[in-house]
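Visitor: I am new to this structure and should like to learn how to read it. May we begin with the ligand?

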Amino acid sequence: MIPTAFGYTKAGSVEEAVAALREHGDEAKVIAGGQSLLTLLRLRFVSPTALVDLGGVAALRGVRDAGDALVIGAMTTHDALVNDPLIREHAALMAAAAATVGDPAVRHLGTLGGSLAHADPAGDLLAVVVALDAQLTVVGPGRTRTIPASEFFVDYLQTALAPDEVLTEIRVPKLTGWGVHYEKFQRAAQAWAVVGVAAAVRSSNGSIAEARIGLANMAPTPVRASAVEQALTGGERTKEAIVAAAAAATEGTAPSSDLSAQADYREHLARVLTGRTVTTAAGL
Ligand SMILES: Cc1cc2nc3c(=O)[nH]c(=O)nc-3n(C[C@H](O)[C@H](O)[C@H](O)COP(=O)(O)OP(=O)(O)OC[C@H]3O[C@@H](n4cnc5c(N)ncnc54)[C@H](O)[C@@H]3O)c2cc1C
(Lines give C-alpha, C1' and ligand atoms only; values in the text may rest on other atoms or scores of the structure.)
Protein backbone atom coordinates (compact mmCIF):
# COMPACT_ATOMS: atom_id res chain seq x y z
CA MET A 1 0.00 0.00 0.00
CA ILE A 2 1.01 3.64 -0.38
CA PRO A 3 1.29 5.78 2.79
CA THR A 4 -0.96 8.78 3.25
CA ALA A 5 0.66 12.15 2.40
CA PHE A 6 2.97 13.63 5.02
CA GLY A 7 5.32 16.58 5.43
CA TYR A 8 9.07 16.02 5.80
CA THR A 9 11.76 17.82 7.77
CA LYS A 10 15.41 16.79 7.77
CA ALA A 11 16.75 17.91 11.15
CA GLY A 12 20.37 19.02 11.49
CA SER A 13 20.35 18.89 15.28
CA VAL A 14 18.30 17.53 18.18
CA GLU A 15 16.97 21.04 18.83
CA GLU A 16 15.76 21.31 15.22
CA ALA A 17 14.09 17.90 15.49
CA VAL A 18 12.29 18.87 18.69
CA ALA A 19 11.20 22.18 17.18
CA ALA A 20 9.84 20.40 14.09
CA LEU A 21 7.93 17.88 16.24
CA ARG A 22 6.42 20.78 18.17
CA GLU A 23 5.50 22.65 15.03
CA HIS A 24 3.70 19.68 13.48
CA GLY A 25 1.87 18.67 16.67
CA ASP A 26 1.05 15.26 18.17
CA GLU A 27 0.66 13.52 14.81
CA ALA A 28 4.28 14.08 13.67
CA LYS A 29 6.77 11.22 13.96
CA VAL A 30 10.52 10.88 14.10
CA ILE A 31 12.10 8.63 11.47
CA ALA A 32 15.45 6.95 12.22
CA GLY A 33 16.41 3.90 10.12
CA GLY A 34 12.82 3.47 8.91
CA GLN A 35 13.00 -0.32 9.34
CA SER A 36 9.85 -0.50 11.46
CA LEU A 37 8.19 2.80 10.63
CA LEU A 38 8.06 2.32 6.84
CA THR A 39 6.05 -0.88 7.24
CA LEU A 40 3.62 0.86 9.56
CA LEU A 41 3.27 3.74 7.07
CA ARG A 42 2.67 1.45 4.12
CA LEU A 43 0.03 -0.52 6.01
CA ARG A 44 -1.46 2.80 7.16
CA PHE A 45 -1.28 1.67 10.77
CA VAL A 46 0.14 5.14 11.34
CA SER A 47 -0.60 8.26 9.26
CA PRO A 48 1.63 11.04 10.58
CA THR A 49 1.19 14.61 9.41
CA ALA A 50 4.97 14.92 9.12
CA LEU A 51 8.18 12.90 9.44
CA VAL A 52 11.16 14.41 11.22
CA ASP A 53 14.29 12.70 9.91
CA LEU A 54 17.18 12.22 12.37
CA GLY A 55 19.51 10.86 9.65
CA GLY A 56 21.47 14.12 9.47
CA VAL A 57 22.06 14.51 13.21
CA ALA A 58 25.67 13.31 13.43
CA ALA A 59 25.81 13.92 17.20
CA LEU A 60 23.35 11.05 17.73
CA ARG A 61 25.69 8.43 16.26
CA GLY A 62 28.49 6.57 17.99
CA VAL A 63 29.66 5.33 21.37
CA ARG A 64 31.69 7.21 23.98
CA ASP A 65 33.44 6.17 27.16
CA ALA A 66 31.96 7.90 30.22
CA GLY A 67 34.05 6.31 32.95
CA ASP A 68 31.99 3.56 34.55
CA ALA A 69 29.45 3.63 31.70
CA LEU A 70 29.19 3.77 27.93
CA VAL A 71 26.99 6.37 26.29
CA ILE A 72 25.49 5.27 22.98
CA GLY A 73 23.87 7.71 20.55
CA ALA A 74 20.30 6.79 19.65
CA MET A 75 21.11 6.76 15.90
CA THR A 76 23.87 4.16 16.32
CA THR A 77 23.02 1.28 14.02
CA HIS A 78 22.79 -2.37 15.02
CA ASP A 79 25.78 -3.08 12.79
CA ALA A 80 27.84 -0.41 14.58
CA LEU A 81 26.92 -1.99 17.93
CA VAL A 82 28.16 -5.37 16.72
CA ASN A 83 31.51 -3.93 15.62
CA ASP A 84 32.26 -1.12 18.06
CA PRO A 85 35.37 -1.93 20.16
CA LEU A 86 34.02 -0.21 23.31
CA ILE A 87 30.74 -2.12 23.07
CA ARG A 88 32.55 -5.40 22.49
CA GLU A 89 34.77 -4.86 25.54
CA HIS A 90 32.35 -3.33 28.07
CA ALA A 91 28.83 -4.15 26.85
CA ALA A 92 29.34 -7.39 24.95
CA LEU A 93 25.75 -8.47 25.65
CA MET A 94 24.55 -5.62 23.45
CA ALA A 95 26.85 -6.67 20.59
CA ALA A 96 25.67 -10.28 20.92
CA ALA A 97 21.99 -9.33 20.74
CA ALA A 98 22.46 -6.77 17.94
CA ALA A 99 24.15 -9.45 15.83
CA THR A 100 20.86 -11.42 15.81
CA VAL A 101 18.64 -8.53 14.62
CA GLY A 102 17.09 -9.25 11.21
CA ASP A 103 19.53 -9.44 8.32
CA PRO A 104 22.57 -7.35 7.30
CA ALA A 105 20.44 -4.73 5.51
CA VAL A 106 18.25 -4.24 8.59
CA ARG A 107 21.32 -4.04 10.84
CA HIS A 108 22.96 -1.39 8.64
CA LEU A 109 19.88 0.86 8.63
CA GLY A 110 18.05 0.08 11.90
CA THR A 111 19.13 1.96 15.01
CA LEU A 112 19.27 1.28 18.73
CA GLY A 113 17.08 4.31 19.45
CA GLY A 114 14.56 3.24 16.82
CA SER A 115 14.30 -0.27 18.29
CA LEU A 116 13.73 1.09 21.79
CA ALA A 117 11.27 3.81 20.72
CA HIS A 118 9.32 1.30 18.58
CA ALA A 119 8.98 -0.83 21.74
CA ASP A 120 8.10 -4.16 20.17
CA PRO A 121 8.60 -6.55 23.11
CA ALA A 122 10.12 -9.07 20.67
CA GLY A 123 12.94 -6.58 20.00
CA ASP A 124 16.27 -8.12 20.95
CA LEU A 125 17.83 -4.92 22.33
CA LEU A 126 14.92 -4.18 24.64
CA ALA A 127 15.72 -7.25 26.74
CA VAL A 128 19.35 -6.10 26.87
CA VAL A 129 18.73 -2.54 28.06
CA VAL A 130 16.37 -3.83 30.75
CA ALA A 131 18.92 -6.44 31.88
CA LEU A 132 21.72 -3.84 31.97
CA ASP A 133 19.67 -1.22 33.88
CA ALA A 134 20.30 1.30 31.10
CA GLN A 135 19.34 4.94 31.51
CA LEU A 136 17.69 6.63 28.53
CA THR A 137 18.08 10.36 27.87
CA VAL A 138 15.21 12.09 26.12
CA VAL A 139 15.07 15.70 24.99
CA GLY A 140 11.91 17.78 24.55
CA PRO A 141 11.23 21.50 24.19
CA GLY A 142 13.44 23.17 26.81
CA ARG A 143 13.86 20.01 28.86
CA THR A 144 16.04 16.92 29.16
CA ARG A 145 15.09 13.96 31.31
CA THR A 146 16.55 10.56 32.12
CA ILE A 147 14.31 7.51 32.18
CA PRO A 148 15.43 4.12 33.56
CA ALA A 149 14.89 1.35 31.00
CA SER A 150 12.59 -0.36 33.52
CA GLU A 151 10.20 2.64 33.25
CA PHE A 152 10.64 3.47 29.56
CA PHE A 153 8.51 0.62 28.18
CA VAL A 154 4.94 1.11 29.36
CA ASP A 155 2.91 -1.28 27.15
CA TYR A 156 2.93 -3.04 23.78
CA LEU A 157 4.52 -0.57 21.30
CA GLN A 158 4.19 2.20 23.90
CA THR A 159 6.91 4.12 25.72
CA ALA A 160 7.21 6.96 28.20
CA LEU A 161 8.26 9.31 25.33
CA ALA A 162 6.02 12.34 24.84
CA PRO A 163 5.10 13.16 21.20
CA ASP A 164 7.52 16.12 21.18
CA GLU A 165 10.47 14.23 22.69
CA VAL A 166 13.47 12.61 20.99
CA LEU A 167 15.42 9.73 22.49
CA THR A 168 19.03 10.89 22.26
CA GLU A 169 21.31 8.64 24.34
CA ILE A 170 21.39 5.27 26.02
CA ARG A 171 23.77 4.96 28.98
CA VAL A 172 24.80 1.41 29.97
CA PRO A 173 27.03 0.53 32.93
CA LYS A 174 30.25 -1.21 31.95
CA LEU A 175 30.18 -4.93 32.69
CA THR A 176 33.81 -5.52 31.79
CA GLY A 177 34.85 -9.14 32.16
CA TRP A 178 31.34 -10.49 32.74
CA GLY A 179 30.25 -13.59 30.82
CA VAL A 180 27.40 -12.80 28.43
CA HIS A 181 25.10 -14.60 26.02
CA TYR A 182 22.01 -13.83 23.98
CA GLU A 183 19.82 -16.54 22.56
CA LYS A 184 16.48 -16.45 20.84
CA PHE A 185 14.10 -19.01 19.45
CA GLN A 186 12.99 -18.10 15.94
CA ARG A 187 10.54 -19.68 13.54
CA ALA A 188 12.89 -18.84 10.64
CA ALA A 189 16.44 -17.59 10.22
CA GLN A 190 16.86 -13.81 10.55
CA ALA A 191 13.47 -13.40 12.20
CA TRP A 192 12.06 -11.82 15.34
CA ALA A 193 12.28 -13.74 18.62
CA VAL A 194 9.40 -15.99 19.60
CA VAL A 195 11.19 -15.71 22.96
CA GLY A 196 14.64 -14.22 23.58
CA VAL A 197 16.91 -14.28 26.64
CA ALA A 198 19.77 -11.87 27.40
CA ALA A 199 22.09 -12.88 30.24
CA ALA A 200 25.17 -11.37 31.89
CA VAL A 201 26.93 -13.27 34.67
CA ARG A 202 29.77 -12.34 37.02
CA SER A 203 31.44 -15.42 38.47
CA SER A 204 33.69 -15.56 41.52
CA ASN A 205 35.39 -18.54 43.20
CA GLY A 206 33.10 -21.18 41.71
CA SER A 207 29.89 -19.26 42.48
CA ILE A 208 27.71 -16.81 40.64
CA ALA A 209 28.27 -13.44 42.27
CA GLU A 210 25.76 -11.50 40.14
CA ALA A 211 23.39 -12.22 37.28
CA ARG A 212 21.30 -9.99 35.04
CA ILE A 213 18.68 -11.51 32.79
CA GLY A 214 16.22 -9.86 30.39
CA LEU A 215 13.43 -11.64 28.51
CA ALA A 216 12.10 -10.67 25.07
CA ASN A 217 8.49 -11.37 24.05
CA MET A 218 7.32 -12.75 27.40
CA ALA A 219 4.96 -9.82 28.12
CA PRO A 220 3.75 -6.62 26.40
CA THR A 221 7.05 -5.06 27.54
CA PRO A 222 10.53 -6.56 28.04
CA VAL A 223 10.82 -8.26 31.43
CA ARG A 224 13.63 -8.78 33.93
CA ALA A 225 13.85 -12.38 35.21
CA SER A 226 14.38 -11.18 38.78
CA ALA A 227 13.39 -14.46 40.46
CA VAL A 228 16.04 -16.34 38.49
CA GLU A 229 18.64 -13.66 39.24
CA GLN A 230 17.92 -13.98 42.97
CA ALA A 231 18.06 -17.79 42.87
CA LEU A 232 21.42 -17.66 41.09
CA THR A 233 23.13 -14.98 43.19
CA GLY A 234 25.61 -16.49 45.62
CA GLY A 235 24.78 -19.99 44.34
CA GLU A 236 26.97 -22.66 42.80
CA ARG A 237 28.23 -22.10 39.28
CA THR A 238 27.05 -25.46 38.00
CA LYS A 239 24.75 -26.46 35.18
CA GLU A 240 22.38 -28.22 37.61
CA ALA A 241 22.06 -25.14 39.85
CA ILE A 242 21.45 -22.89 36.84
CA VAL A 243 18.78 -25.15 35.33
CA ALA A 244 17.04 -25.33 38.73
CA ALA A 245 17.07 -21.53 39.03
CA ALA A 246 15.78 -21.14 35.46
CA ALA A 247 12.54 -22.87 36.48
CA ALA A 248 11.50 -19.46 37.89
CA ALA A 249 11.91 -17.71 34.51
CA THR A 250 8.16 -17.26 34.02
CA GLU A 251 7.60 -15.39 37.30
CA GLY A 252 6.29 -11.91 36.55
CA THR A 253 5.72 -12.65 32.84
CA ALA A 254 2.49 -12.44 30.83
CA PRO A 255 3.21 -14.03 27.44
CA SER A 256 0.70 -13.73 24.61
CA SER A 257 -0.66 -16.43 22.34
CA ASP A 258 -0.33 -15.63 18.64
CA LEU A 259 0.45 -17.19 15.28
CA SER A 260 4.03 -17.98 16.38
CA ALA A 261 3.33 -19.69 19.71
CA GLN A 262 0.82 -20.30 22.48
CA ALA A 263 1.52 -18.69 25.86
CA ASP A 264 2.35 -22.02 27.56
CA TYR A 265 4.87 -22.84 24.84
CA ARG A 266 6.49 -19.43 25.37
CA GLU A 267 6.73 -20.25 29.10
CA HIS A 268 8.45 -23.53 28.25
CA LEU A 269 10.85 -21.68 25.93
CA ALA A 270 11.63 -19.07 28.60
CA ARG A 271 12.66 -21.75 31.11
CA VAL A 272 14.73 -23.76 28.64
CA LEU A 273 16.41 -20.75 26.99
CA THR A 274 17.16 -19.09 30.33
CA GLY A 275 18.92 -22.24 31.54
CA ARG A 276 20.85 -22.50 28.29
CA THR A 277 21.73 -18.80 28.06
CA VAL A 278 22.93 -18.45 31.65
CA THR A 279 24.92 -21.69 31.40
CA THR A 280 26.76 -20.34 28.35
CA ALA A 281 27.23 -16.88 29.94
CA ALA A 282 28.72 -18.60 33.00
CA GLY A 283 31.25 -20.31 30.75
CA LEU A 284 29.98 -23.86 31.38
C1 LIG B 1 12.90 -7.64 7.84
C2 LIG B 1 13.08 -7.09 9.23
C3 LIG B 1 13.51 -7.94 10.24
C4 LIG B 1 13.70 -7.45 11.54
N5 LIG B 1 14.12 -8.32 12.50
C6 LIG B 1 14.33 -7.85 13.74
C7 LIG B 1 14.82 -8.73 14.75
O8 LIG B 1 15.09 -9.91 14.54
N9 LIG B 1 14.99 -8.22 16.00
C10 LIG B 1 14.74 -6.90 16.30
O11 LIG B 1 14.92 -6.49 17.44
N12 LIG B 1 14.29 -6.04 15.34
C13 LIG B 1 14.08 -6.48 14.09
N14 LIG B 1 13.64 -5.62 13.12
C15 LIG B 1 13.40 -4.19 13.46
C16 LIG B 1 14.70 -3.39 13.43
O17 LIG B 1 15.42 -3.65 14.61
C18 LIG B 1 14.44 -1.90 13.41
O19 LIG B 1 15.68 -1.31 13.15
C20 LIG B 1 13.93 -1.27 14.66
O21 LIG B 1 12.76 -1.89 15.11
C22 LIG B 1 13.57 0.20 14.42
O23 LIG B 1 14.72 0.96 14.23
P24 LIG B 1 14.77 2.08 13.13
O25 LIG B 1 15.98 2.89 13.38
O26 LIG B 1 14.62 1.50 11.79
O27 LIG B 1 13.49 2.99 13.55
P28 LIG B 1 12.30 3.56 12.66
O29 LIG B 1 11.63 2.48 11.92
O30 LIG B 1 12.76 4.74 11.89
O31 LIG B 1 11.36 4.10 13.85
C32 LIG B 1 10.66 3.19 14.68
C33 LIG B 1 9.83 3.98 15.69
O34 LIG B 1 10.67 4.64 16.64
C35 LIG B 1 10.49 6.06 16.60
N36 LIG B 1 11.83 6.61 16.76
C37 LIG B 1 12.95 6.22 16.11
N38 LIG B 1 14.03 6.82 16.59
C39 LIG B 1 13.59 7.65 17.58
C40 LIG B 1 14.24 8.55 18.47
N41 LIG B 1 15.58 8.69 18.47
N42 LIG B 1 13.48 9.25 19.34
C43 LIG B 1 12.14 9.07 19.38
N44 LIG B 1 11.47 8.22 18.58
C45 LIG B 1 12.19 7.53 17.69
C46 LIG B 1 9.83 6.34 15.27
O47 LIG B 1 9.03 7.52 15.32
C48 LIG B 1 8.98 5.10 15.07
O49 LIG B 1 7.79 5.21 15.81
C50 LIG B 1 13.44 -6.08 11.82
C51 LIG B 1 13.01 -5.21 10.81
C52 LIG B 1 12.83 -5.70 9.52
C53 LIG B 1 12.38 -4.76 8.45
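Guide: In this predicted model, a nitrogen atom of the ligand lies 2.7 Å from an N or O atom in the side chain of Asp124.

Visitor: Which residues are the closest to the ligand, and how many surround it?

Guide: The ligand is surrounded by 30 residues. The closest are Val30, Gln35, Ser36, Thr111 and Asp124.

Visitor: What do the backbone atoms of Gly33 and Gly34 contribute?

Guide: Each has a polar backbone atom to consider. For Gly33, a backbone N or O atom is 2.9 Å from an oxygen atom of the ligand. For Gly34, a polar backbone atom is 2.7 Å from an oxygen atom of the ligand.

Visitor: Let us return to Asp124. With which side chain does Asp124 form a salt bridge?

Guide: The general idea is that side chains of opposite charge can pair when their charged atoms come close. Here, the side chain of Asp124 meets that of Lys184 in a salt bridge, with 2.8 Å from N to O. Asp124 belongs to helix 8 (residues 124-131) and Lys184 to strand 11 (residues 179-185), so the pair links distant parts of the chain, 60 residues apart. The structure holds eleven salt bridges.

Visitor: How is the protein chain divided into domains?

Guide: The domain assignment gives domain 1 (7-46), domain 2 (61-173) and domain 3 (179-281). Between the C-alpha centres of domain 1 and domain 2 the distance is 18 Å. Their contact draws twelve residues from domain 1 and 14 residues from domain 2.

Visitor: How much area do domain 1 and domain 2 bury between them, and on which atoms?

Guide: A buried area tells us how much accessible area two parts lose on being put together. For domain 1 and domain 2 the figure is about 1100 Å², with 78% of it on carbon and sulfur atoms. Within domain 1, the residues that lose the most area to domain 2 are Val18, Ala32 and Gln35, together 40% of what that side buries. Gln35 is also listed among the residues closest to the ligand.

Visitor: How many salt bridges and polar contacts cross between domain 1 and domain 2?

Guide: The count of salt bridges between domain 1 and domain 2 is zero. Across their interface, zero residue pairs are found in polar contact, where both residues must have pLDDT 80 or more.

Visitor: Which element gives the most to the side of domain 1 that touches domain 2, and what classes of residue are there?

Guide: Helix 1 (residues 14-24) gives the most, with five residues. By class, this side of domain 1 has seven nonpolar, three polar and two charged residues.

How values were computed. Residues are numbered from 1 along each chain as its sequence is written. This is a predicted model: local features need pLDDT of at least 70, side-chain atom pairs count only at pLDDT 80 or more; totals for chains, interfaces and linings use all residues. Side-chain values use heavy atoms; hydrogens and water are left out. Domain bounds come from an automatic or database domain assignment. Contact means heavy atoms within 4.5 Å. Buried area is the accessible area (1.4 Å probe) that two parts lose on being put together, summed over both. A salt bridge is a side-chain nitrogen of Lys or Arg within 4 Å of a carboxyl oxygen of Asp or Glu. A polar contact is a pair of N or O atoms within 3.5 Å; within protein, one must be able to donate a hydrogen and the other to accept it, and residues adjacent in sequence count only if both atoms are side-chain atoms. Helices (H or I, at least four residues) and strands (E, at least two) are DSSP runs, numbered from the N terminus. Ala, Val, Leu, Ile, Met, Phe, Trp, Tyr, Cys and Pro count as nonpolar, Asp, Glu, Lys and Arg as charged, and the others, Gly among them, as polar. A residue is near a molecule or strand if one of its heavy atoms lies within 4 Å of it.
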